[in-house]
Amino acid sequence: MARTALTMTAATLTATAALLLTACGGGGDDSSQDDIKGAETSTSSATASPSASDSSDVDRPDVSLPEDLKLVFDFEKPSDVEQAAALDDAANYIRALDHGIAQQDPNDPAYQFYSTGGAAKYAKSQIAAWVKDGWTVTGNDRYFNASIDPVGEGKSTLITFCRNQAKFYSKKVKTGKVNYTDENLDSYQKFSLLMSPSEQSAKVWQARQIEVQGRVKECQG
């Protein structure tokens with residue numbers, strides 16, 4: 001199966017955020033081929049490790065990835081502690097999604113730890129689609145130009161960032177054959193994640209909703 005762009009799962013994150021605040025108080029398109037995966041970050045990243053935020057007492061799940069997959073978060077670390085933690089765990093959600101694909105497990109505990117609601121359903125459906133079609137992922141995947149915006153008066157935060165997946169490829173699990181593709185506008189996407197503190201631990205931020213836009217020229221430029 002050819003690499004394709006991730007699909008949108010939240011038509012309007014602003015409206016979703018409003019609903020969450022009320023309830024909680026505070027290229028290709030719909031295929032399985034363009035999930036996200038990786039474990040490496042740049043030196044300027046706010047996500048230098050899966051536990052980069054001050055949460056050493058939290059028992060976090062394994063989000064390690066195969067050696068042939070590199071995921072780079074070229075993010076600048078925010079000065080605000082909570083914003084930095086939200087950005088860090090937004091990256092961990094991406095790692096967790098890819099960890100599930102690598103493990104070929106739609107019920108992998110990693111993405112369940114870092115997400116809930118629509119974002120958890122999205123991760124499960126994406127992983128399941130990759131597994132069903134017999135694909136995993138390999139290559140280099142880069143995320144950059146992150147922005148963080150508070151939502152309403154609660155602690156929810158909207159995090160957006162660009163993606164360059166030009167060197168990110170699908171690979172057949174059984175044969176190891178890599179489906180190489182050329183860089184084009186389909187390589188560039190924009191992610192929006194609605195993040196909020198977990199009900200189990202305020203030190204852990206979870207993705208609640210996700211929106212992925214494909215063929216984003218502003219990310220290409």
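Is T157 buried or exposed? In this predicted model, T157 is buried, with a relative accessible area of 7%. That makes it a handy place to start a walk through the strands. T157 belongs to strand β3, which covers residues 157–164. Leaving aside residues up to four places away in sequence, T157 touches I148, D149, P150, V151, L193, L194, M195 and W205. There is also a polar link closer by in the chain: a polar atom of the T157 side chain lies 3.5 Å from the backbone oxygen of K155.

Now widen the view to the strand itself. Eight of the eight residues of β3 are buried, so the strand is largely enclosed by the rest of the structure. In a regular strand, side chains alternate between the two faces of the sheet. Here, T157, I159, F161 and R163 point one way from β3, while L158, T160, C162 and N164 point the other way. Both sets are buried.

What does β3 pair with? One partner is β2, which runs antiparallel to β3 and is joined to it by seven bridges. To find your place in that pairing, look at D149, whose bridge partner in β3 is L158. The hairpin of β2 and β3 has six residues between the strands, and in it G152 takes a positive phi near 60°. Another partner is β6, which pairs with β3 in the antiparallel sense over eight bridges. In that pairing, F161 stands opposite F191 in β6.

That brings us to the rings. The structure holds eight aromatic pairs. Take F73 and Y143: their ring centres are 5.3 Å apart and their planes are at 20°, so this pair counts as stacked. F73 lies in strand β1 (residues 69–74) and Y143 in strand β2 (residues 135–150), so the pair ties together parts that are 70 residues apart in sequence. F73 is buried, with a relative accessible area of 0%, and Y143 is buried with a value of 0% too.

F161 and F191, which we just met as strand neighbours, also form a stacked aromatic pair, at 5.5 Å centre to centre and with 10° between the planes. With F161 in β3 and F191 in β6 (residues 188–197), the pair ties together parts that are 30 residues apart in sequence, so it works across the strands rather than along one. Both F161 and F191 are buried. Zoom out a little and these rings come together: F73, F75, Y143, F161 and F191 form one aromatic cluster.

Some rings have a charge for company. The charged end of R142 sits over the ring of F144, 4.3 Å from its centre. R163 lies over the face of F168, at 4.7 Å from the ring centre.

The last stop is strand β4, residues 168–172. β4 is mostly covered, with four of its five residues buried. Five bridges join β4 to β2, and the two run antiparallel; T136 stands opposite K171 in β4. β4 also pairs with strand β5 (residues 178–179) in the antiparallel sense, over two bridges. There, S170 has N179 in β5 as its bridge partner. The hairpin of β4 and β5 has five residues between the strands, and in it G176 takes a positive phi near 80°.

Definitions and conventions: Residues numbered from 1 in each chain as written. Heavy atoms only, no water. Buried < 20%, exposed > 50% of the residue type's maximum accessible area, 1.4 Å probe, protein only. Polar contact = N/O pair within 3.5 Å; in protein donor to acceptor, adjacent residues only side chain to side chain. Contact = heavy atoms within 4.5 Å. Phe/Tyr/Trp six-rings, centres within 6.5 Å; stacked < 30°, edge-to-face > 60°. Lys NZ or Arg CZ within 6 Å of the ring centre and 35° of its normal. Pairing = 2+ DSSP bridges.
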